[in-house]
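The following report looks at how one sheet is arranged, how helices sit on it, and how one residue elsewhere is surrounded.

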Amino acid sequence: MRSSLVRQFGDPGQVIELVDIDRAMPGAREVEIAISLSAINPSDLIPVTGAYSARTVLPFVPGFEGVGVVTRIGAGVKDMKPGDRVIPIGASGLWQQFLVRPAEWCFTVPDDIDDQQAATSYVNPLTALRLVEQLREHFGSLKGRSVGVTAAGSAIGGMLLRLLALEEVTTTAIVRSEKSMSRLRHADRTIVADGVSLPPRLAFDAVLDAVGGTLAGGLVTRSVQSGGIFIQYGALSGVPVPQAAISGRLDVRFAFLWLRTWVHSAGRDALEAAFERSFAGLRDGLFASPVAAIYPLSRLAEALAHQVDPLREGKILLDPRC
């Protein structure tokens with residue numbers, strides 16, 4: 001079967017190979033899945049660079065999100081059968097034609113959710129839901145609170161703005177370009193910020209940050225009000241939040257959300273409930289993710305180039321079947 005493979009850390013466009021490998025047989029309580037579509041997310045590419053080398057074992061197959069069809073089952077699998085459409089989570093490996101995964105880490109897809117929706121139903125929706133839940137845990141009611149959302153022009157940024165609007169939160173969408181600003185007319189406020197020239201007098205009860213670096217440091221230092229919370233869930237800048245900014249604001253709670261950590265501690269019931277909310281959000285448009293292009297896995301290099309194109313609008317999906 002065709003598979004991607006990372007043997008060494010580096011630029012994803014240079015170090016991710018396409019290889020032919022043997023299909024593995026599912027063992028006890030495992031299923032084999034023929035992957036229909038898989039997504040490309042920043043969280044797929046960051047480990048390839050070596051940013052998490054201490055917890056990433058080489059070689060590995062990238063890809064945390066996608067959908068496929070069960071083809072074979074191992075002994076002891078009772079709740080799944082060949083032909084079932086599932087979302088496998090819990091580890092990377094979806095950028096290949098066939099994947100073997102424990103059945104307990106696979107979640108059935110409802111018939112009314114198509115493959116493109118299913119392939120984007122995990123990383124962003126569950127992260128967005130968990131971020132809003134963390135805000136509730138900190139504040140209780142969110143009505144009337146003010147929240148800044150960095151990288152608000154991204155797919156998950158849009159999800160967060162829509163979720164927070166349902167909570168009657170005043171949101172500020174923080175983006176990097178005038179083009180992104182023009183697309184976010186539904187936000188209460190939209191600003192362009194490069195991290196150095198933050199507008200004055202910004203004041204938030206909370207910030208949800210996917211960028212890190214100078215932008216995050218400036219928001220922590222100058223914009224989060226006393227008693228507020230700053231939650232980092234990504235580092236698109238490739239630079240951590242400056243430690244001086246964190247240590248200088250003891251009156252602000254600083255928290256991380258890494259979806260993988262939550263997923264591995266939440267338990268099956270909580271994950272099933274989260275996917276039910278994700279599917280509901282896909283049905284009503286709350287978690288809609290525009291798709292920019294679908295590439296065969298055989299054209300992975302083109303897909304990766306499109307992923308980093310600053311003019312890209314929408315998700316890049318891979319079809320490992322071709």
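Two strands are taken to pair if DSSP finds at least two bridges between them. The model described here is predicted, and in it four bridges join strand 12, residues 224-232, to strand 13, the two strands running parallel. Within this arrangement, Ile229 stands opposite Arg253 of strand 13.

Strands 12 and 13 belong to an open sheet of six strands, which follow one another in the order 10-9-8-11-12-13 with parallel pairing. Strand 10 (189-192) and strand 13 (253-256) form the edges, each pairing on one side only. Direction ignored, neighbouring strands of this sheet are turned by 20° against each other on average.

Two helices contact strands of this sheet, and they are set out below with the angle that each makes with one strand.

| Helix | Residues | Strands touched | Angle |
|---|---|---|---|
| Helix 4 | residues 123-139 | strand 8 (146-150), strand 11 (204-209), strand 12 and strand 13 | about 155° with strand 12 |
| Helix 5 | residues 155-166 | strand 8, strand 9 (170-175) and strand 11 | about 170° to strand 8 |

A separate point concerns Ser36, which is found in strand 3, residues 30-40. Is Ser36 buried or exposed? Its relative accessible area is 6%, and because buried means under 20% relative accessible area, Ser36 counts as buried. Leaving aside neighbours within four places in sequence, Ser36 is in contact with Val67, Gly68, Val69 and Asp115, and also with Leu318, Asp319, Pro320 and Arg321.

Conventions:
Residues are numbered from 1 along each chain as its sequence is written. This is a predicted model: local features need pLDDT of at least 70, side-chain atom pairs count only at pLDDT 80 or more; totals for chains, interfaces and linings use all residues. Side-chain values use heavy atoms; hydrogens and water are left out. Axes are lines fitted to C-alpha atoms, for helices over the stretch in contact, and angles run from 0 to 180 degrees between N-to-C directions. Contact means heavy atoms within 4.5 Å. Buried means under 20% relative accessible area, exposed over 50%, partly exposed in between (1.4 Å probe, protein chains only).
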